[in-house]
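Q: Could you walk me through reading a model like this one, feature by feature? I would like the general idea first, then the case at hand.

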Amino acid sequence: MKTHNLKNLSELKPGETGTVYDIDRSKIDILKKILMMGLLPGVFVRLVRRFPSFLYEVYHTRFVIDRELASHIVIDVDNAVDEMDDEENTRGKRKRWRFGK
């Protein structure tokens, strides 16, 4: 059975990676903001910077959030290496969406 090394995003150090394990659902307005940025359970995350705001990277896109939002996101740090390898192996093999004909 796999053990999880869970931390809030606000507890990660720059350069640490992991996957989103859970999101605090107690405040619906905060949950909406987090989901709008694409932070869903299972998504690979890398913290780039902690100060003055938390800068993190998801799928080669960078977002900045404050400490309050970062504290509502739970990251599984142990899962990072596997997810990173999977992301690299699937790059270029994703379905491309086409609009129109």
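**Reading the model**

Q: Take a single side chain to begin with. Does Arg 25 count as buried or exposed?
A: Arg 25 counts as exposed, at 58% relative accessibility. The cut-off for exposed is over 50%. Bear in mind that this is a predicted model.

Q: Which residue does Arg 25 form a salt bridge with?
A: The partner is Asp 22. Look for the closest N and O atoms, which are 3.2 Å apart here. Asp 22 counts as partly exposed, at 27% relative accessibility.

Q: How many salt bridges does a search of the whole structure find?
A: The search finds 4. The cut-off behind that count is a nitrogen-to-oxygen distance within 4 Å. Lys 7 and Glu 16 form one of them, with their closest N and O atoms 3.3 Å apart.

Q: Are the two ends of that bridge buried or exposed?
A: Check each end on its own. Lys 7 has 22% relative accessibility, so it counts as partly exposed. Glu 16 is at 19% and therefore counts as buried. The line for buried is drawn at under 20%.

Q: Which residues do shared salt-bridge partners join into one network?
A: Start from one pair and follow the partners. Arg 62 and Glu 57 meet through their side chains in a salt bridge of 3.5 Å, N to O. Arg 46 joins Glu 57 and Arg 62 in one network through shared salt-bridge partners. Arg 62 is partly exposed, at 47% relative accessibility. Glu 57 is buried, at 19%.

Q: Where does Glu 57 lie in the secondary structure?
A: Place the residue in its element, then list its contacts. Glu 57 lies in strand S4, residues 54-58. Beyond its neighbours within four places in sequence, Glu 57 is in contact with Phe 44, Val 45, Arg 46, Val 48 and Arg 62. Arg 62 also stands opposite Glu 57, in S5.

Q: In which sense do S4 and S5 pair?
A: Read the direction, then count the bridges. S4 and S5 (residues 61-65) pair in the antiparallel sense over 5 bridges. Their hairpin has 2 residues between the strands. Check the backbone there too: Tyr 59 takes a positive phi near 50°.

Q: What is the strand order of the open sheet?
A: Trace the pairing from one side to the other. The order is S1-S6-S2-S3-S4-S5, an open sheet of 6 strands with antiparallel pairing. S1 (6-8) and S5 are the edge strands, each pairing on one side only. From one strand to the next, the twist averages 40°.

Q: How many bridges join S1 to S6?
A: There are 3 bridges between S1 and S6 (residues 73-76), and these strands run antiparallel. For a residue to find on screen, take Leu 6, which stands opposite Asp 76 in S6.

Q: How do the elements run from the N terminus on?
A: Read the elements along the chain, not across the sheet. They run β-β-α-β-β-β-α-β-α. That comes to 3 helices and 6 strands.

Q: Now a helix. Which residues does Leu 69 touch?
A: Locate the residue first. Leu 69 lies in helix H2, residues 67-70. At 11% relative accessibility, Leu 69 counts as buried. Setting aside residues up to four places away in sequence, Leu 69 touches Ile 30, Lys 33, Ile 34 and Met 37. Leu 9 is 60 residues away from Leu 69 along the chain, with their C-alpha atoms separated by 8.7 Å.

Q: What share of the contacts comes from residues 24 or more positions apart?
A: Among contacts in the chain with a separation of 6 or more, the share is 64%. Burial gives another overall view: 35% of the 101 residues count as buried. The accessible surface comes to about 7,200 Å², and 54% of it belongs to carbon and sulfur atoms.

Q: Which element has the lowest mean pLDDT, and which the highest?
A: Start with the whole chain, then go element by element. The mean pLDDT of the chain is 81, and 75% of its residues reach 70 or more. Helix H3 (residues 80-90) has the lowest mean among the elements, 44, while S6 has the highest, 95.

Q: Where does pLDDT stay under 50?
A: Over residues 80-101. For that stretch the model has 13 contacts beyond four places in sequence.

Conventions:
Residues are numbered from 1 along each chain as its sequence is written. This is a predicted model: local features need pLDDT of at least 70, side-chain atom pairs count only at pLDDT 80 or more; totals for chains, interfaces and linings use all residues. Side-chain values use heavy atoms; hydrogens and water are left out. Buried means under 20% relative accessible area, exposed over 50%, partly exposed in between (1.4 Å probe, protein chains only). Helices (H or I, at least four residues) and strands (E, at least two) are DSSP runs, numbered from the N terminus. Contact means heavy atoms within 4.5 Å. Accessible areas come from the Shrake-Rupley method with a 1.4 Å probe; for residues, only the protein chains shown count as cover. Two strands pair if DSSP finds at least two bridges between them. Axes are lines fitted to C-alpha atoms, for helices over the stretch in contact, and angles run from 0 to 180 degrees between N-to-C directions. pLDDT is the predictor's confidence in each residue, from 0 to 100.
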